[in-house]
Amino acid sequence: MLDKLKIPERNYLNNGHGLASWLLTKDHKRIAIMYLISISVMFFLGGLFAVAIRLELATPAGDFVQADTYNKFFTAHGVIMVFFFLIPSIPAVLGNFLIPPMIGAKDLAFPRINLLSLYIYWIGGVFTLYAMLSGGVDTGWTFYTPYSATGSNSNVVPVALGIFIAGFSSILTGLNFIVTIHRMRAPGMTWFRLPLFVWAHYATSLVQVLGTPVIAITIVMLGVERGLGFGIFDPARGGDPVLFQHLFWFYSHPAVYIMILPALGVQSELISTFSRKTIFGYSFVAFSSLAIAVFGFIVWAHHMFVAGISTYAAMVFSFLSFSVAIPSAVKVFNWTATLYKGAISFETPMLYAYGFMGLFAIGGLTGLFLATLGMDIHLHDTYFVVAHFHYIMVGGAIMGYLGGLHFWWPKITGRMYSEFFSRIAAILVFVGFNLTFLPQFVVGYLGMPRRYHSYPDEMQVLNVMSSAGASVLGLGYALPVIYLLYSLKKGAVAGPNPWGASGLEWQTQSPPLTENFIEVPVVDREPYEYEHVVAKEKHLV
Amino acid sequence: MSNVVAHADDHGHAHAAHHPALQHHFDTMAQQKEAAVVGMWVFLLTEILFFGGLFAAYMVYRIWYFDAFAEASRSLSLFWGGLNTAVLIGSSLTMAMAVRCAQTNKRSATVNWLILTMILGTVFLGVKVIEYADKFEHHHVPGYNYQWAAAHPSTSLGAGEAAGAEHAAPSTALGAGEPHRELSLNADQLQLTTQIYFSLYFTMTGLHAIHMIIGIGIMLVITWMAYKGRFDEQYYTPVEMTGLYWHFVDIVWIFLFPLLYLVERHV
Amino acid sequence: MSGHISPISLYLTIFMALMVLTGVTVGAAFVDLGQLNFLVAMIIAGFKATLVIWYFMHVKYASKLTKLTVATGLFFLAILLGLFLVDYGSKAFSQMPPFLS
Amino acid sequence: MKIFGIPIFPEQASTFAADVDALYFFIFAVSAFFALVVAIAVIYFGIRYHKTHDGEIGARIEGSLPLELLWTVIPTIIAMVMFGWGASVFYHLRRPPAEAMHIYAVGKQWMWKFQHLEGQREINELHIPAGRPIKITISSEDVLHSLYFPAFRTKMDAIPGRYTDLWFEAQTPGQYHIFCTEYCGTNHSGMIGTVTVLEPSAYQTWLQGGGMEGTLAQRGAKLFNDLACSTCHLDTGQGRGPSLKDILGKRVELQDGSTAMVDEGYLRESILNSQAKIVKGFQPLMPTFQGLVSEENLVALIEHVKSMSPNATPAAAPATSAAPAAATTQSPAAAAAEKK
């Protein structure tokens, strides 16, 4: 029965062959595939630096590498992971591929700008990697002045220029999504029939468009200060290093919402599909995405409570920072309520969704510690902060990315992957992750500062546990590469809707046509109605 | 241009011949045009916040070192600043006229107005070169053996043939020598803090000038396309997009002029 | 739809208004209003910018979405500048750096 | 507090450490409660409503406004409680009492320099009396640093060009960590030290310049690290200061082209007045240790450097020691006055 399903002859993958058909494509799906490959390479590189850091920290004395090299390692890990993996990952891969079919459009509003965004990402990436490998930068991914302006003699300006360029790739993707979602929805696809994945990407695009320019100008100011000897942040001439931090964090805090919001969108899709139940409180979950995007812009100075801002400002920003915790809590409660009276099945994407639920809850709750003024004095720049943001970024964004990748893999490639190995990988990632980052909360409260090449002896055991966990996590990330690539050739044919999901993208063939739909679909149903989704289960023809 | 496409679209009724410039993933020209305008405005959003970061830095340092800003602002020539503002507002007018002519399908008029806009843009850049040269000559460029003379009389760079008798303020040759009022910063403090003013001055006006150069570059392409007759009353989007960009660059200067030149001119 | 074609007379009046306002703002700079100087300059500049946006950039005849986009940009610029003032306004003017005092 | 010898909770060595920890346990309890509620609900629903047959559909529940309001208002209230409590602790942490004992701290790339009003100057070491509130005014000479006492639960950035301050009142005598928590370059992780809380009486004797134990060379070696000499004088010679290995008894070329014989006098002068003779190819970065190093410590340091060149000829008779600089810890008040 199974072989009845065949890969459709005409699909976007075999619509044109040869390098030119890929490098000059205007098809949002092919651009998404190229993004997938690029960010996987970047994730592997960033991961290498993470392994080097964990190896160094396995011993209290700084004996694996020189202090300078270690500083370049953690800066490279930070820059590559933040700017070249986390920010583009879900929007540029899953968002690019899925938003047009989800809203019933043939393509994004500006296909050529979409391709330009990919090229800019490549140029920025090659630039940054070259600057990294030809000497690296040792200022940390935050580039605080005056160290980045006068103190450091590593190639700060080339790496900053690489990030400046890559920032435009993020702006263009955001711009494309906003116009597409506003102006290219299929007839009948009202705002409240949009899948929550699209809502989350709309909110992410708002943040991308409004935040990224501010780090662009901050990098320009750092560049002119370091390159031309201007004195904007130079304390010797009366400049204020804290001003750099203000401008940097005005973008960089919303940037963490660029990283997590798409994963929240994926999570809503997975929880609803695998409990065969409409999402609980659809409009609340949708508006909580927008709330996170807007509130994300008024909280940035909670990164600077000990950086010399005034007591009054610290109070104001601490108060505002709690406003951003509420929508996240609303989302978690709504997901939990969605499971109530559902028909839950634990395929791999659902395992990732469960993992995401736990890790994102811990990540979010530990954020409360850092937003509380009294706590942040003690916890700022310690490993508690490192653990918090890894729980959000690795526990949240990467679990969401992997969950989304496993959920839409049949739609992207038309093939299923091995259910057995993928479940093992999901569990390995969850266990390895907790073993890596839970000890860091403890060592953080003990007071171990961030970015330390060597640390006091009594903190060794906790660090060794963390390094051990990192190896399990590394294994967990390596497995998907194997069985997903294996599935490309040997995977079972998936058919249009292997999970019985309710999105518009599942109504068309997989892999889809270049123009997504033979004729423009008309939407007349609510988003998550499983009653009349013809369940083309894998083993049912 | 691609051939005229006529095909029965999915709702079963024959469709009027598509305008050649209609892209496949849009249904109507109106939808494509609207998408382009909203897309352009979202891009201008990023430009607003791009310059916004500089305005934030300007605001902070103006609060901290107002006297340094006042003295340094006095050293800028009000004549050239005023002239430049007038030139740029003029170029906004000519740009608006160019867009209007494109809308009404007057090909040669569009080309002429676009050329006039580019000329005014180049005049603006020329005046900036003059002002920058003056700054280099007076060692007012931070990081390039910066020398802040005590109370620098704002020279008016000579009469200078004012292109057209626009009513910029009379060229100001203020009283030379001693500062105009008691300053809270002494001489060597001024030497340091005025460098921050000039750092911001060069960054802001330099960035604005770069945006002008990009604008003129785009306009060259658009003028060539208009000359080739690529636009008509149904499809003039590129001209309008260039217009939006140019007007935005004008708005940035409308704010830069009072912030940089008019910090404190009264005696 | 922003295909609206404005009469040339409108463009000329807007142009003249902008030129007059430039003169006014320069003139106002020569009048000692103390703290108000900055405010007056910004109000005039804001008004000029609104004229350009409204008429030259056709936002007056554009779709609600375009108007919303413009408003969003200005709102987030206001957040940036406003919350900067929360810190720099409330910090007692930071002690003059030692080497400067 | 240790489990199997692994420290998992820092000591509470300052008066407000307990307040901070109480706040920590409150937020921890609230977070743990909510995490557990979600975890149990998620796992229970997963088991209870597991899909029984293919094509089974979940119940049609759109949502419920009261429930949504419930879990929006309650977290907001809890958040406000956390904010209020945190703000009050913060306010207490950031308002030094008037009668606090004043100490100056200056962060310089990769060392902390503490300056007592009575004139003592210490590098990466801080001796303070227990039971008295102490206010530390912090500044930096080059890049951002951050003075952090984990055991006292307080931290403040050192910003070049500006004074910031923090205060604490140490309770229990003992030795605790000092860390730099704002990334400041190559040896950021070397910019650490220990704060020694002494009984008020012990503090007074320390003020009079208490002695140290161990052989001279051993004490010298410890001082060599404590005073952060090791961060610049690397044996490889790649550091910011010349290598001190096997230099005794040799002639070294100076910046101004002349050469000098490395003997005890040269070492003494280079420590006390480091700007006098600069070795060729190095920047004059070394701080002067005049008034920073007592006579015994100076001798101990010289012994240590001598021990680094074992095969040097012992004949290098100690040069007539320079005028016995009154380098006792009671250094001239001028140093203190200049900081006030």
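This section describes the chain contacts, chain B, a helix pair in chain A and the domains of chain D. The structure is a predicted model, in which local features require a pLDDT of at least 70 and side-chain atom pairs count only at pLDDT 80 or more, whereas totals for chains, interfaces and linings use all residues. Residues are numbered from 1 along each chain as its sequence is written, and chains are lettered from A and ligands numbered from 1 in the order in which they are written.

Among the five pairs of chains that touch, chains A and D share the most contacts, two residues being in contact if their C-beta atoms, placed from the backbone, lie within 7 Å. This interface of chains A and D involves 80 residues from chain A and 74 residues from chain D. On the chain A side, helix 11 (residues 311-339) gives the most, with 15 residues; helices (H or I, at least four residues) and strands (E, at least two) are DSSP runs numbered from the N terminus. The side of chain A that touches chain D comprises 48 nonpolar, 23 polar and nine charged residues. In this classification Ala, Val, Leu, Ile, Met, Phe, Trp, Tyr, Cys and Pro count as nonpolar, Asp, Glu, Lys and Arg as charged, and the others, Gly among them, as polar. The contact between chains C and A takes 12 residues from chain C and 14 residues from chain A, and the chain C side has nine nonpolar, one polar and two charged residues. Chains B and D do not touch, their nearest C-alpha atoms being 13 Å apart.

Chain B contains six helices and zero strands. Of its 267 residues, 48% count as buried, that is, with 20 or more other C-beta atoms within 10 Å of their own (exposed, 12 or fewer; partly exposed, in between; C-beta atoms placed from the backbone). Among contacts in chain B with a separation of 6 or more, 77% join residues 24 or more positions apart. The average pLDDT (the predictor's confidence in each residue, from 0 to 100) of chain B is 82, and 82% of the residues score at least 70. The pLDDT is below 50 over residues 1-16 of chain B, a stretch with 13 contacts in the model beyond near neighbours in sequence. Residues 151-177 of chain B also have a pLDDT below 50, with 42 such contacts. Where pLDDT is low, the predicted coordinates should not be read in detail.

Within chain A, the axes of helix 9 (residues 241-274) and helix 10 (residues 282-295) come within 10 Å and cross at roughly 175°. Axes are lines fitted to C-alpha atoms, for helices over the stretch in contact, and angles run from 0 to 180 degrees between N-to-C directions. Helix 9 and helix 10 of chain A are therefore roughly antiparallel (over 145 degrees; under 35 counts as roughly parallel, 65 to 115 as roughly perpendicular and the rest as oblique). Tyr257(A), Leu261(A), Leu264(A) and Ser268(A) in helix 9 meet Val285(A), Ser289(A), Ile292(A) and Ala293(A) in helix 10. The residues of this contact are six nonpolar, two polar and no charged.

Chain D is divided into domain 1 (2-45 + 65-93), domain 2 (101-207) and domain 3 (216-312), with bounds from an automatic or database domain assignment. The C-alpha centres of domains 2 and 3 of chain D lie 26 Å apart. Their contact takes eight residues from domain 2 and six residues from domain 3.
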